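The exercises below concern exposure, aromatic rings and pockets. Each task is followed by a solution that goes step by step.

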Amino acid sequence: MTTPPTGPGGRHRAAESADHEEVSAERFRSAFRGHPGGVSVITADAGAGPVALTATSVASVSVEPPALTFSVSEQSSSAPTLREADTVVVHLLAADQLDLAELGATSGIDRFADTSIWRRLPTGEPYFPAARTWVRGRITARLDVGDPRSSSVLVVEALEISGDDRGEAAALVYHDRVWHRLGSHSRIAG
């Protein structure tokens, strides 16, 4: 009798199914379109001017120390700055801040042209004061993913947090290429 192959941690790897579908880029994208993500805007300035991008990949990874992670595509105009920056500001958006999400998601514009909607922190980072909550953090790790490098995963240690972190405002969520409001009206249990 043979033992099934094991993966990390000694877990058995599932046998490959004869009817499995190859994981193409389009199939992978399609699978994640059905997986909702909270919407954030990430800002940074490595010395050549501020950048901003909208992301649905932000996730907390640790509370001791407080840390989060997000990914950025190398196709993003913000990628070069995020490779050079030491710190970032991650803005967790409420549903009524769709304008900020759209700003960070729009290509080919100066996202900081309207000086009435952003400021700099005393430490120098650009930020949007209207965001429900923002977290200033130091980038502690970068992991390049893909061949050739097509994306980077960044780990950020939280240094400062400000805003409504109690979650009272309806959250902005992106699902199947559409913006959604997540609030008490969408609760199904609890």
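**Exercise 1: aromatic rings**

In this predicted model, Phe32 has a relative accessible area of 47% and is therefore partly exposed, since that class lies between the 20% limit for buried and the 50% limit for exposed. Task: determine how the rings of Phe28 and Phe32 are arranged as an aromatic pair.

Solution. Begin with the position in the chain: Phe28 and Phe32 both belong to helix α1 and are four residues apart, about one turn of the helix. Next, take the geometry, in which the ring centres of Phe28 and Phe32 are 5.0 Å apart and the planes make an angle of 45°. Planes under 30 degrees apart count as stacked and those over 60 as edge-to-face, so the pair is tilted.

For contrast, apply the procedure to Phe112 and Trp118, whose centres are 5.0 Å apart with 80° between the planes, which makes the pair edge-to-face. Both Phe112 and Trp118 are buried, and ring pairs link them with Phe128 into a cluster.

**Exercise 2: the second largest pocket**

Task: describe the second largest pocket by its volume, its central residues and the classes of its lining.

Solution. The volume of the second largest pocket is about 380 Å³. Its lining consists of 23 residues, and those closest to the centre are Val58, Ser60, Leu92, Arg132 and Val135. Strand β4 gives the largest share of this lining, namely four residues. Sorted by class, the lining of the second largest pocket comprises 16 nonpolar, five polar and two charged residues.

Methods:
Residues numbered from 1 in each chain as written. Predicted model: local features only at pLDDT ≥ 70, side-chain atom pairs only at ≥ 80, totals over all residues. Heavy atoms only, no water. 1 Å grid on protein atoms, 1.4 Å probe; cavity = no way out; pocket = protein on both sides within 12 Å on 5 of 7 lines; lining within 4 Å. Points joined across faces, edges and corners; volume = space filled by probe spheres on them. Helix = DSSP H or I, 4+ residues; strand = E, 2+ residues; numbered from the N terminus. Nonpolar A, V, L, I, M, F, W, Y, C, P; charged D, E, K, R; others polar. Phe/Tyr/Trp six-rings, centres within 6.5 Å; stacked < 30°, edge-to-face > 60°. Buried < 20%, exposed > 50% of the residue type's maximum accessible area, 1.4 Å probe, protein only.
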